[in-house]
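Q: I am new to this structure. Please give me a close look at one part: its cavities and pockets.

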Amino acid sequence: MPAASLQALNQRIVACELCPRLRAYCAEVARVRRRAYADWEYWGRPVPSFGDPDARVLVLGLAPGAHGSNRTGRPFTGDGSGDFLYPVLHEAGFASQPNAVSRDDGMKLTGLQITAVVRCAPPANKPAPEELRNCAPWLDQEIGLLRNLAVVVCLGRIAFDGLLAHVQRTAAPGAATLRRSAFVFAHGAEYTLPSGLAVIASYHPSLQNTNTGKLTRPMLLAVFRRARQLAGLA
Ligand code: SF4
């Protein structure tokens, strides 16, 4: 039975054990820990979404980082990707502060929710196709519960493909079908789904992209300013 609220959904997600490989990996990372975080008690469980239940904008990422979200228990919190993303969300007016270090750092998001296509950290940041499929129903439920949603920002190609797969899975009988070939991943590309939801594709703020200059701060800021505009937020 679908969860009745985002809070109830997150409780179920945190208890999910559907992917043995990922659950074992997250638990092992949490047990061994990185030397720099030796004093941390790692979260080590599926990472729930974070943000504003009345969000107009949904940020869809790939998966938790082994020593980032898998350590802190909050999306993009405590790693290089988050150190790049949250200051941009702050400047774009979505985040109350630029720094995200832990679940109790006081961060508040307004008008925006952050989630991922896979909720458990995968080895080498590469979820298996079966793991993506296992986690997909959580995304379907989450999007269904975000009643005010107007825009989805997909961080990376896997998130973009995950959103399109969600649209195909959840299409109502007789509804307009999605012509998949019309949706091409490119940074800054914008589309409108048959439901009217706007989609913006963006490169993922991984260190691989940000350290090489493939994704710069002005590029990501432009994406979130555009998301604000499409969402009708002042
Ligand atoms: S990746 Fe998703 S489906 Fe798999 S165990 Fe984690 S929360 Fe469950």
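A: Here is a short tour, starting with the enclosed space and then moving outward.

This is a predicted model, so local features need pLDDT of at least 70 and side-chain atom pairs count only at pLDDT 80 or more, while totals for chains, interfaces and linings use all residues. Residues are numbered from 1 along each chain as its sequence is written, and side-chain values use heavy atoms, with hydrogens and water left out.

Two terms come first. On a 1 Å grid over the protein atoms alone, a cavity is a set of points where a 1.4 Å probe fits but cannot get out; a pocket is an open set with protein on both sides within 12 Å along at least five of seven lines; lining residues have an atom within 4 Å of a point. Points are joined across faces, edges and corners, and a volume is the space filled by probe spheres set on them.

The whole structure holds one cavity of 30 Å³ or more. The largest cavity has about 90 Å³ of space. Its lining has 14 residues, with C16, C19, C120, C135 and W138 nearest the centre. Two elements, α2 (20-32) and α5 (129-145), each give two or more residues to this lining. Helix α5 gives the most, with three. Helices here are DSSP runs of H or I, at least four residues; strands are runs of E, at least two; both are numbered from the N terminus.

By class, the cavity lining has 10 nonpolar residues, one polar and three charged. Nonpolar covers Ala, Val, Leu, Ile, Met, Phe, Trp, Tyr, Cys and Pro; charged covers Asp, Glu, Lys and Arg; the others, Gly among them, are polar.

Now the cysteines. C16 is buried because its relative accessible area is 16%, under the 20% limit (over 50% is exposed, in between is partly exposed; 1.4 Å probe, protein chains only). C26 is also buried, at 0%. A search of the whole structure finds zero disulfides, meaning pairs of cysteine sulfur atoms within 2.5 Å. For C26, the nearest cysteine sulfur is that of C120, 4.8 Å away.

Next, the open spaces. The largest pocket holds about 950 Å³. Its lining counts 42 residues, and L62, S81, N125, H204 and S206 lie nearest the centre. The second largest pocket holds about 370 Å³. It has 19 lining residues, with H166, V167, T170, L193 and S195 closest to its centre. Helix α6 gives the most to that lining, with four residues.
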